[in-house]
Structures are given as C-alpha cells and as structure tokens.
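This report describes the architecture of a two-chain model. Please read it alongside the sequence and the coordinates displayed below.

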Amino acid sequence: MVEVSANESVVVTRGLTKVFKDFWLRPKVTAVRELDLQVFPREVFGLLGPNGSGKSTTLKMVLGLLFPTKGAIAVFGRRPTDVRTKARIGFLPEESNLYPFLDARETLDFYGRLYSQPRHERLRRVDMLLEMVGLASVAHRRIGEYSKGMQRRIGLAQALINDPDLLIVDEPTSGMDPIGTRQFKDLIRTLAARGKTVILSSHLLGDVEDVCDRVCILYGGRQQALGGIDDLLSRESFTQITTDRLDDAMLAKVGHVLQSGGHEVLEVSTPRAKLEDLFLRIVHEAQQRRVTTGGAVAGGEVAEFLRGPEEAAGREVIEGLVAAAGQDQAGEAAPAEPAPEPTVEPQPAAEVVGDLVRAARDADSGGEGPPAPAADTPPEAPANARDADRSVIDDLVRRASAGGEDQ
Amino acid sequence: MGGIWTVARHTFTQCLRTKVAGLFAVLLAAALALLPSIMEGDGTLAGRIRTFLDYGLTVTTVLLALVVVLLSIGVVSDDVRDRHVFVVFSKPLARWKYVLGRWLGVTMLGGLLLAGACGGIYLLAQYLRSRTDLAVRPEDRRAVETEVFTARKQLFPRPVDVDAEIARRVEQKKADGTWQPLVQNYAEQYKINEFQAVEKIVSDLRKDAAAAAQSVAPGRSLVWRFAGVYPAGETVRGRATVRQIARPAGLIAFECPPALTGRLIIFGPVWVDSVAGRVMGTWNDGFRVLFNLEDMNAQRLATLKPDQAVDVAIRPTVQVSYKATPARRDLPEPLRGAWKVENPDSGYVYDIPPYDVPDNQRATLIVPAEAVDKTGGLRLRYFNLSPTSVTILSEDVSVLYAVGGFGANYVKTALLRLMGLAFLAALGVFAGCWLSFPVGCLMCVVLLWITTTLRFLTESIQMGLEFEVKEGAGRAVYQIGHAMLLVVKVLLPDLAATLETDFLVEGVAVPWGYLGESFAMTLLLRATLLLALGCWIFHRRELARVQV
C-alpha cells in the first residue's frame, strides 16, 4: 500500500481507486479512479456528483468499510480501519441504518457505550442530543416507527454523540423537512466554527453551497473540479447591484448610463423571498399556537457539548441578560425556530454583550431594535407586544450564539 | 472487553425483541406443559418420569439449537444486509469484539431460555415424583428414588478376554485344513485380498467367542467381577412406628412414609434403633423385618411395643443393571434366574432367590453395599434356571451406586447443553460472518446433520474404502469424503453424544472429567476455532459490499 503522509490534513487520499468485481473476480465497474484529495482541519468539505459518481464509495473507503483496490488513504494520519481513528469520527450514512427495535434513547445510549463514555456523561449527551434534534418527546418510540426524516435526525444525533473531530455525512438532509435541514446547516456552521472538520456528500447543491468551504465534483469516479466555493462560483465577468425598487424611468436611466459606458443590461428582475423562509415562518406560527403533532418538533439549540466550553459559558451570561430583559417572558419557553445566519460582523464577546444589552433596553423602551437581517424578519410582524418582545429575545439568543461561535 | 459486553447486551436485547425467540419460547412452553400428561413410558412412575425427562430435554435441545443457530446467523448477516454495520463500524469497535459480542449475546439468550426450560422440566419432574397415586407399589417408589432422582456412578466389568479362544479356534481350523478355503471364500465373497479376509475372519471369530463367553447354559452360572466399587452414599435415615410384633418368629412390622419404604431392599439389611435386621417384605407405607432371636430378646427390642416410634437406618446400596437375552425366543414360560453376591472378606452373602427375569429388557437389582469387599471388588454370579441359554453381554451389565444428588447432576446435564448451544452460536456467528442468512442456514443445517450422523458416515466411508470400492472414480469420491469427514471431526463436536439424555434418564452421574472434556473440546477448542475463523474473515471482509 502506498504510504500517505498526513501532515496537517485530516483526510488524505493518493491515487485512490476502487474497482468492484463480480463473483468470478472479473472487474465489473470502476467506482473511483486515481482520486487525490486532501481535507484540512476546520473546513467543511463537499463531495458533489451525480448518482454513481463515486461519492459514497469514497466515503466508505475513508471509513474502512471498503478497501481500496489501488492507492492509499490516511485519516488523522492512520489507516481508516484503525479503532483510534474511529474514536474521532462521526458518520451519518445515506440511509440512517439504525436498529429498528431500539427506541431513540436506547439507540444513542448503545452508540455512546461504544465510545466507552462514562455513564453520567453519556446520559447527559443523550438528553441534549434528543433535545437538539427535536425527538425528546418521542424518544420512547422505536426507530422502526419513525418517519424517514425522524430517522435522519436520530442518525445525526448518533453521529455527534462523541463530539467528533471529523463529521462525515452522506446525503444528510435527504428526507429531512426544511426545519431539520436548516438546523443541520446551522449545526455544521457551529461545528466548523469550533474547529471541527466536516465532509459532506450531497445531491442538494443548495445545501452544499450554503455550508461548504471547498468542494470536489466527481463524475465517473474521477475528480472533475476541486476548489473553494467562492472561487468556483464567482462570475468575474458579471456585476450585480441590489437596491430598493426602481421604477421604469429609473431603470431606463440606469440602462442608458450602462450603455454609454459600453455595458449591456443582461437581466432586470425583482428578487423573491425564499420558499424555505416562508415554510419556516408558517411552522413556527403553528408551534406557537401549540398545534399537536406526533412527529418531530423543531429541534432545540445545538447541544451544549457540541458548542464548546467557551460558548457555553458566554451562553449562560446571555441567558441571564435575556431573562432580566423581559420579565413578562418568564416561564415561556424560547421558540425553537432555527436561527438564520446573522449579518452582524464578528465582534469581541464584551462588545457583543454590550450591544445585546443595549438592544434589549431599546426593545423594552419601544425604541428601534437592532438592525435585523432581511431574511430574518418575517413579512408580518407579530400582532401583539408580547410576540414582538419574544422575537427580540429570539434575535438576542441567536446573535449571542453567533457571537460565541466567532470567538 | 467493554465493546464485547456492549455488543453482547445489545444482541441479547435484539434477540429478546425478535419474534423468532418469542415464538420458540411459546412452542417450548406448550410442549413442556403437554408432555407430562401424554408421556406414560412403561407404565411405572419411574418410566413416566424417565420418558418425560428424555423427551422434555430432547425437545428443549432441538428447539433451542434451532433458535440459537437461526439467531446467531441472523444477528451478523442481517447487520451486513441491512447496513447497520455502516454505523456500528464508524465507531471505535474492533471487528473481533463485535463478533465475540454477538456470540456472547446469543449464548446468553440461549442460556436464559435453557435455564427457563430446564427449570420447568425440573419442577414438572418433581411434581410427577410427588404423585403418590402413580406409584402404589414400593418397588415403583424405590425405582423413582434410587434409579431416577439420584446420580450414580456406573462401572462395567472387565471385558471378556477371548484372544486365547480365538487362537485356539484358528489353530484348530488350520489343523483340520478348513482355514485356507475359509480365507479364499471370504476374499471372493467380500472382494478383498487375503490379508483383509484374515482380518475379517478374526473379527467375526472375536464376536462369536465373546458371545459364547458371555452365555450361560441351563443350570449353569456366569460370574462377573467388578473393580473400584466404592459406594459412599449417605445412610438414609427416617422414623417408623411399630405396628405388630411376632416375637417368637423374630418379626416386627413397621409403618413409615413411602419415601423410606422405597429405599428398602427385599432381603437387604436395615437397622432399627441400631439393631441390624433383614427386610422380609415391603408395601407402600410399611415393611417387615426379621431379627436375630438373640437381638429380639435383648434390651432394646425386648421393650418395643406397638405404636412406639423407632429410628430406621438404611445403609448405602449398590445396584446391578443388566439385560438378559435368551437363545430361544419361543419359550412357553418367562426366563428364570437367581443371583448371588459374596464378600470373601467378611463372608457376607446376599442371595436373590429365583424370579422371573425380564426378557431382553434392562432390569435392576439392588444389593447391599456390604457385599463389596475392602478393595472395592464385587463378585456377581447369575444362575440360569431356564431351559435355554441366556446371554448377558459385558456391556449390558453394570454396577451403579449413588455418588451425588439429582439436582447437581441435573445442573451438570444443563451445562453440557449450554456448551452445545454455545458451540452452535459460534457456528452460526461464523456462518453469518461470511454468508447471507439463507446460505448460512443451509450450511449449518448440513453441518448439524453431518454432526449427528458422524459415526454412521465414518463407518460407511470406512467400509466403502476397505471392502466395497477398490479403484476408479468411486474410490476417489470415498477418499475425498473421508478427508472431509476428518476436517469435520476436528471442527465439529459429536453433538449427539454431548446432548444425549442418557445420563439423566438412567440416573447416572455426569463425570466431572466428561464435563471438563466437553468444555475443553467443544468450547475451548472448537468454538474458539470457529470464532477465530469468523473474526479473521470478518476483519478482511468489505462490509459495504453485498455478498451472497
């Protein structure tokens, strides 16, 4: 086997080739050909490609479930089958592949035991993960009774039980509802912010685009493109200007100016809100009306052990401030709406806290709130003051979370 | 070990929640509940209990063997088929730990079901034992207590030495010129060479001489000598009440519980308030004892009065099991025979007067332990009082005496079964490591069939190689079969022997050596070998590839 130097890389492949053979050992199909990859620490790496392009085969070789026909792999500088390597990996397969006769809690407990986690810590993580993926209320139901999306959620939870340094996810949002999808993407960002490495294989290009730093596009088992998302997607020969709505006269003027400069207006359109945002708002409202459901509820916050100690400590400060900011919200649970990406710039923790306090005071006094991102503001404002205050606090919590991630 | 235990616990839960295990448990419970009412055996209570133990344990073993094999193949092969291994082996779990954990989990479940079934059988057997209405005669009760609910050591007499007799016969045939024609006749008849023909003639002569040496002509007697007989059973003690005293005849009748009556031997010794006497008759709740007239008038017995309670002590006994086969089957009357046991050291003689000997059926005599000499020797003499010769082969006569209790022996029998189940679990896990469920089942069924018929197959192939097929493709097939059987013999235990119920049914103690040998050969050697092979295959297997 070819020796692979790990250096700083989390995963390295050199000339990785996989040929599947038939019963008579005749080569049947070459799933992966001469693949050279390098996944670095703290990056979210995407594997893209159509069906049969070799994504899953590559992941299975990284996990030691398949053996390369040629070439070599190193994961954390070791062979993929090394048990010490597995201790640092979390894996969510394409199908959840969980035991249908176990319930959600037993499932997480079983996988937690495989990491030899102390009982107290294991149970703590199980509780937090169930809460995080929104299955705490149905944790007693057997996995076989879960919908596919719920199985994906518990599958994701089992992949995180060891707070992995490398998370490998194969079609992670397949079967998940938009709430779960959004939560998953938030989770990936959180993990990346904590220095974790994520390898993501997906057909859903939007998901990949949202969370990945670098992508590798496979076709026919070969690498077709490799690079940063921005590098691959930026269209250097075009410029897009976003402004408030222009009337026809203004548009004509702009067109005239551009033409006089030798440019051509290729497209003029009115942007639309994302369907994802609309969906999330409707579900959020239904949850606020306490509409009953036998399925998964919106997931909770990212589990504390996945957020890291610094953020957990900052979080407690924020929650204390939030509690002080609105006594009338006392006893009401924070809505579990998935947090959209905040638009504020990263700030030192003290400044963030100061801003949050000021924003909370402004909200209390009826003054202007903090500048909310456009995508984060529902089209219709809450009808009563209580809901308005609630949304302010939600923003505070989300922003505190984002601030903690940036530390 | 943590990983092994985690997987074992998980497997145990998985098997418990599998409908297959539940279905078999229900079937087992139904079978055990029905058996006592439909099994009557030979009509006696001992026969009924023996039949129940035999069928109950056999049904339990067969059902559990099926459950264990099916589950052990399924827990591994289904994990691969359903791709559960994708998640499991993304965790820090070595594959060999997974294989051992799977084996341990299925074995634990098999052990649990076995404990439940064996516990049920034990309780039902005890229930049958307590049925006084099914054992009216004292000998029935005695058979239950001393031949079933006991653990006895079994000794066989020294084999008959017939070498001198064979040599004499061969020399005689050579002298009268019939030897060479006989050899040629054998060679032609069996299509073998002369050397093989001589071997076969000697073998036949040995059988003939052995049968002759173990046959007894009418009016003659046959002697068996046993060595190493050391009955160490405890003296049975109890209380009885005086019913009637015939002082001039030296006879006293006592009343006692049936359990005590069942221990008494007709014409055997008994101690009443430490005074020795001889049992002259027994019935369900009483017995009659003949005392020496001097003892009768001595102080202890002289003051006995009706309704007075006395202590009864019955010293250990030795049982003689035998099967007599008459030369003629058309006898108008039953076989008649008598026995005599002598202790040359003490001069003690125990006679069993003439009685009807069961024809070609196993029967039991009870002999006082006083008949055994100081060196552990025992000399039995059978008198043939029938008008035809009777054969009692040395393998059909044995001496048995209690060396332990039924409960401990039952546990040892259950442990033998547990070892068998553990081996089957190893076999199933081994199959599951590299085969799909249906193919693994097929392989295991074939291997189990071979295991249970190993002796027959070995003898058949041996015969074929020696006498039937001399050359050509047929011989090559036999040779391949012979080689395969050798491999199978190394890999597989003789389950038919390991799981036989004879020990318990015959009330024979399972020797610790036998238990240890089974543990070493079945578990330490064969199951470990299969598991090691399974681990090696599983370690080298690409789990993400579907294989059939």
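The account that follows covers the model as a whole, then each chain, and finally the contact between the chains.

## Overall model

The structure is a predicted model, with an ipTM of 0.74 and a pTM of 0.76. For chain B the mean pLDDT is 87, and 98% of its residues reach a score of at least 70.

The table sets out parallel values for the two chains.

| Chain | Secondary structure | Buried residues | Contacts joining residues 24 or more apart (of those with a separation of 6 or more) |
|---|---|---|---|
| Chain A | 14 helices, 9 strands | 39% of 407 residues | 73% |
| Chain B | 19 helices, 17 strands | 37% of 548 residues | 80% |

The C-alpha trace of chain B extends over about 95 × 75 × 40 Å along its principal axes.

## Chain A: the sheet and its helices

Chain A contains an open sheet of 6 strands, arranged in the order E5-E6-E7-E3-E8-E9, with mixed pairing. Its edges are formed by strand E5 (89–92) and strand E9 (222–228) of chain A, each of which pairs on one side only. From one strand to the next, the twist averages 15°.

At one edge of this sheet, E5(A) pairs with strand E6 (residues 166–170) of chain A in the parallel sense, over 4 bridges. Within this pairing, Gly90(A) has Leu167(A) in E6(A) as its bridge partner. Helix H5 (residues 148–160) of chain A packs on the sheet and touches both E5 and E6 of chain A. The direction of H5(A) makes about 170° with that of E5(A).

A further helix, H6 (residues 178–193) of chain A, lies across E3, E6 and strand E7 (197–201) of chain A. Relative to E7(A), helix H6(A) runs at about 145°.

## Chain A: the surroundings of Phe40

Phe40(A) is located in the loop that connects strand E2 (27–39) with strand E3 (44–48) of chain A. Is this residue buried, exposed or partly exposed? Phe40(A) has 15 C-beta neighbours inside 10 Å and therefore counts as partly exposed. Apart from neighbours within four places in sequence, Phe40(A) is in contact with Glu8(A), Ser9(A) and Val10(A). Thr239(A), 199 residues away from Phe40(A) along the chain, has its C-alpha atom 32 Å from that of Phe40(A).

## Chain B: a helix pair

In chain B, helix H2 (residues 19–38) and helix H3 (residues 45–81) pack with their axes 10 Å apart and at an angle of about 175°. H2(B) is therefore roughly antiparallel to H3(B). By class, the residues in the contact of H2(B) with H3(B) comprise 16 nonpolar, 2 polar and no charged residues.

On the H2(B) side, the contributing residues are Val20(B), Ala21(B), Phe24(B), Leu27(B), Leu28(B), Ala31(B), Leu32(B), Leu35(B) and Pro36(B). They meet a set of residues in H3(B) that includes Phe52(B), Tyr55(B), Gly56(B), Val59(B) and Thr60(B). Leu63(B), Val67(B), Leu70(B) and Leu71(B) are also among the H3(B) residues in this contact.

## Chain B: antiparallel strands

Strand E8 (residues 286–291) of chain B takes part in two antiparallel pairings. One is with strand E5 (residues 251–255) of chain B, over 5 bridges; here Phe254(B) has Phe287(B) in E8(B) as its bridge partner. Another joins E8(B) to strand E7 (residues 275–283) of chain B over 6 bridges, and in it Arg278(B) stands opposite Leu290(B) in E8(B). E7(B) and E8(B) form a hairpin, with 2 residues between them.

## Contact between the chains

How many residues of each chain are in contact with the other? The interface brings 24 residues of chain A into contact with 21 residues of chain B. On the side of chain A that touches chain B, at least two residues each are supplied by helix H2 (83–86), E5 and helix H3 (104–114) of chain A. H3(A) provides the largest share of that side, with 4 residues. By class, the residues on this side of chain A divide into 16 nonpolar, 4 polar and 4 charged.

E5(A) thus belongs both to the edge of the sheet and to the side of chain A that touches chain B.

Technical notes: Residues are numbered from 1 along each chain as its sequence is written. Chains are lettered from A and ligands numbered from 1 in the order in which they are written. This is a predicted model: local features need pLDDT of at least 70, side-chain atom pairs count only at pLDDT 80 or more; totals for chains, interfaces and linings use all residues. A residue is buried if 20 or more other C-beta atoms lie within 10 Å of its own, exposed if 12 or fewer, and partly exposed in between; C-beta atoms are placed from the backbone. Two residues are in contact if their C-beta atoms, placed from the backbone, lie within 7 Å. Two strands pair if DSSP finds at least two bridges between them. pLDDT is the predictor's confidence in each residue, from 0 to 100. Axes are lines fitted to C-alpha atoms, for helices over the stretch in contact, and angles run from 0 to 180 degrees between N-to-C directions. Angles under 35 degrees count as roughly parallel, over 145 as roughly antiparallel, 65 to 115 as roughly perpendicular and the rest as oblique. Ala, Val, Leu, Ile, Met, Phe, Trp, Tyr, Cys and Pro count as nonpolar, Asp, Glu, Lys and Arg as charged, and the others, Gly among them, as polar.
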